[in-house]
Number of protein chains: 2
Amino acid sequence: MKQISGGVCAAKGFRANGIRCGIRANHTDKDLALVVSDVMCSAAAIYTTNLVKGAPIAVTKENIADGKAQAIIVNSGNANTCNADGPEIARQMCALTADALGLNPKDIVIGSTGVIGQKLSITPIQNGMAELVAGLRTDGNEDAVEAIMTTDTRKKEAAMEFELSGHTCRIGGMAKGSGMIHPNMATTLIFITTDAAVSAEMLQKALSADVKTSFNMLSIDGDTSTNDTLAILANGLAGNPEISAEGEDYETFRQALHAVTTDLCRKMAADGEGATKMLECRVTHAPDEAAAQTVAKSVICSSLLKAAMFGADANWGRVLCAIGYAGVPLDVDRIEVRFESKKGNILVCENGAGVPFSEEKAKEILLEKEIYILIDLHQGESGATAWGCDLTYDYVKINGDYRT
Amino acid sequence: MKQISGGVCAAKGFRANGIRCGIRANHTDKDLALVVSDVMCSAAAIYTTNLVKGAPIAVTKENIADGKAQAIIVNSGNANTCNADGPEIARQMCALTADALGLNPKDIVIGSTGVIGQKLSITPIQNGMAELVAGLRTDGNEDAVEAIMTTDTRKKEAAMEFELSGHTCRIGGMAKGSGMIHPNMATTLIFITTDAAVSAEMLQKALSADVKTSFNMLSIDGDTSTNDTLAILANGLAGNPEISAEGEDYETFRQALHAVTTDLCRKMAADGEGATKMLECRVTHAPDEAAAQTVAKSVICSSLLKAAMFGADANWGRVLCAIGYAGVPLDVDRIEVRFESKKGNILVCENGAGVPFSEEKAKEILLEKEIYILIDLHQGESGATAWGCDLTYDYVKINGDYRT
């Protein structure tokens, strides 16, 4: 397995494009993305658990109920959520896309991201569709990922090459947003494509399993979006025997998928709104995996710890505090905490109490861009990893007046 | 029932004082507070649910296990938490206080607030005790409340006068911190005194019931402290027949207690770290009280909404989003949202969708210091109120480097 480039176009038979069609007046950014497979794909998806859901979610659910899809249309600049005509607009977007591509509207995955509660006009999308389709190409991934960005400052792509029964396969993806845990009412969208042949059922199984240790372990600000969608298309053009049951190929595919999703997680964490640092919390020796995950997420979600990390302040008491209120029964007197970065590793707490450490060395470690918070609970054999970012002035600035 | 002044000294027979004994070098603020009753009191308390608990909590629990206490000693500047010698230091603090007052160490309530994981030296407390006790007086409440402040910018006191069976009674309290939901690893402490005669059992019952609709509905940043303590002493000097069962007097006492606790809640919310605005979220017509509370807290805890309020941005989509992820089954299509302040009231969402409104009027309303977020769920008869504050640059600044 090796890392490759190409994002959603890394896999054979996928083309993409992204343009500005003009969804928001006075904005010059690209706002409409399209990803298309040359042939029909197996499809699977995961959606936000928020009760308030964007209209595109219901439409995507309907469309992939048969386990098939061939294209993904996504707009930024408007979430198409809490709008009375939302479902109708989402269906029109699918119809326009299908018409332009010669596909069935039922084979389209759709996503929208941006402000909630403002009407989404179909006009700019209709007007831009011809240009969008005309520009589709096998290296269009960068335009596509750019078109789904909102407050993102960087394009987030990942891709891997791997072998299934002697056939070289590729899997790649693009993501927008700063967390599955809703970054800015603008939602997180993740689209993954692969040329591996995988049945819709096994694709859904792999995705549902993967998300537990990837996107569900990512938090920027604790707000779960209304529009989160993670969708995957598998077109089978790699020629491998279709994965239709568990086994060695399924495990290999799972590993490749996980490499892509965790790469995207780290990139989303590093680009969290206003973030200056990526935080990775690794919990080890927990009584069970659920406990490890709960503790890791509690630490990564603590506003106080996030602010301390922004200030490069080795305030480990805030780590202990967040472990303590996580709601997991633990012997706190066994807990060990270390901070780590490429500048080194420092022990700050042992047996639940502070140990003397060099504040200077701690500062040097915490001034880096990627910080690892290592928690050894010393009470079991399970572990978990969660990702997040620091809490900064810019987070407040970005979200203090997002709509204007 | 009427509002009065005097805080913890409002009730008959209570004296207080606060001094600087020097717990933190290079700090000039008062850091040691004492509240004493002329006679033995019934006592009750509520503590943090964090597994990591400050040493004073275990000691207070032991000391009031018999339902009795006569004095409260509190230091700021150090939480005495995650220290191996923490319990010993806390017991020494009680012993020194009891010695100086001629009381039994078992009749002392103790609290500590400040940084976690740094050793608390008994020396400055020992050295300051004589001065602290010598200065006790019936108008010492302001010195006491000042001595328990950490990042608080304002003294938070409240007091009420009320009648029980023809006897005039008083109840008053002081609070530090910006929320029971842990403001700054420095914890929230609330101490209430009353001259009403109430049995320890009924005192605990009243406190445990009250907290559900007062301090448990207050959030500043979602971090539950390690040292939260809410303690109440009732010395009976008002001369009323002791409340030892439910009934009219108990209900009246509950109302007076609630007036004090909610007044303190609003003051703590308004003084949340870095806050420029107090937010009060009122949920009405919920299926049941638990649902109403969960929704109100979810909204008040949303970082995105808090940032929007800082920016006076009527981004109601964030209110809907926070309702949607609260985990309560609801028909979101019935929800109505209004923003209110002393400048007026504006409808922004009806039937779960946006309505046209004047952005100018909304801005005028949201530029005020006290904002009410009114959510009518239109699906039941229950309600709840939660308090919080906006998320600002100063929150990040205060917490980016708290220890230095």
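Author: In what follows, the bounds of a domain come from an automatic or database domain assignment, and the structure itself is a predicted model.

Reader: How many Å separate the centres of domain 1 of chain A and domain 2 of chain A?

Author: The assignment for chain A places domain 1 at residues 2-270 and domain 2 at residues 278-400. The contact between them draws on eleven residues of domain 1 and 15 residues of domain 2, and the side contributed by domain 1 of chain A consists of six nonpolar residues, four polar ones and one charged one. Taken over C-alpha atoms, the distance between the two centres is 32 Å.

Reader: Which helix of chain A has the lowest mean pLDDT among the elements of that chain?

Author: Chain A has a mean pLDDT of 91, with 96% of its residues at 70 or more, although the value falls below 50 over residues 179-186 of chain A, a stretch that nevertheless has 52 contacts in the model beyond near neighbours in sequence. Among the elements of chain A, the highest mean, 98, belongs to helix α3 (residues 123-134), while the lowest, 79, belongs to helix α11 (residues 393-400).

Reader: Why is helix α9 of chain A described as largely enclosed by the rest of the structure, and how many of its residues are buried?

Author: A residue is counted as buried if 20 or more other C-beta atoms lie within 10 Å of its own, and the residues of α9(A) that meet this condition include Arg318(A), Leu320(A) and Ile323(A). The elements of chain A that cover them include α7 (289-301), α8 (303-310) and the strands β11 (336-341), β12 (344-350) and β14 (370-376). The helix is largely enclosed because the number of its residues that are buried is eight of the eight.

Reader: Which strands stand at the edges of the open sheet in chain A, each with a single partner strand?

Author: The sheet is open and has six strands with mixed pairing, in the order β13-β12-β11-β14-β10-β15 of chain A. Within this sheet, β11(A) and β12(A) pair in the antiparallel sense over five bridges, with Ser341(A) opposite Gly344(A) in β12(A). The strands that each have a single partner, so that one side of each is left without a neighbour in the sheet, are β13 (353-354) and β15 (382-389) of chain A.

Reader: In which strand is His285(A) found?

Author: His285(A) is not a glycine, yet its phi is positive, at about 55°. With 17 other C-beta atoms within 10 Å, His285(A) is partly exposed. The element that holds His285(A) is strand β10 (residues 278-286) of chain A.

Reader: Which residue takes a positive phi in the hairpin of β6(B) and β7(B)?

Author: Strand β6 (residues 156-164) of chain B pairs with β7(B) in the antiparallel sense over nine bridges, and Glu163(B) stands opposite Thr168(B) in β7(B). β7(B) also pairs with strand β8 (residues 189-194) of chain B, in the antiparallel sense and over six bridges, where Thr193(B) is the bridge partner of Gly172(B). Eight of the ten residues of β7(B) are buried. In the hairpin, which has two residues between β6(B) and β7(B), the residue with a positive phi near 50° is Ser165(B).

Reader: Is Ser165(B) buried or partly exposed?

Author: Ser165(B) lies in the loop between β6 and β7 of chain B. As it has 13 other C-beta atoms within 10 Å, Ser165(B) is partly exposed.

Reader: Which element supplies the largest share of the side of chain B that touches chain A?

Author: The contact between the chains takes 50 residues from chain B and 50 residues from chain A. Elements that each supply at least two residues on the side of chain B are α8 (303-310), α9 (317-324), β13 (353-354) and α11 (393-400) of chain B. By class, this side of chain B has 24 nonpolar, 20 polar and six charged residues. The largest share, seven residues, comes from α9(B).

Reader: Which residue of chain B has the C-alpha nearest the axis?

Author: Chain B superposes on chain A, with an RMSD of 0.0 Å, after a rotation of 180° with 0.0 Å of shift along the axis, which is the relation of a two-fold axis. The copies meet through the same surface, because 100% of the interface residues of chain B are also interface residues in chain A. For the complex, the predictor gives an ipTM of 0.77 and a pTM of 0.80. In chain B, the C-alpha nearest the axis, 2.5 Å from it, is that of Tyr393(B).

Note on methods: Residues are numbered from 1 along each chain as its sequence is written. Chains are lettered from A and ligands numbered from 1 in the order in which they are written. This is a predicted model: local features need pLDDT of at least 70, side-chain atom pairs count only at pLDDT 80 or more; totals for chains, interfaces and linings use all residues. pLDDT is the predictor's confidence in each residue, from 0 to 100. Helices (H or I, at least four residues) and strands (E, at least two) are DSSP runs, numbered from the N terminus. Two residues are in contact if their C-beta atoms, placed from the backbone, lie within 7 Å. A residue is buried if 20 or more other C-beta atoms lie within 10 Å of its own, exposed if 12 or fewer, and partly exposed in between; C-beta atoms are placed from the backbone. Two strands pair if DSSP finds at least two bridges between them. Ala, Val, Leu, Ile, Met, Phe, Trp, Tyr, Cys and Pro count as nonpolar, Asp, Glu, Lys and Arg as charged, and the others, Gly among them, as polar. Copies are superposed by least squares on the C-alpha atoms of residues with pLDDT of at least 70 in both.
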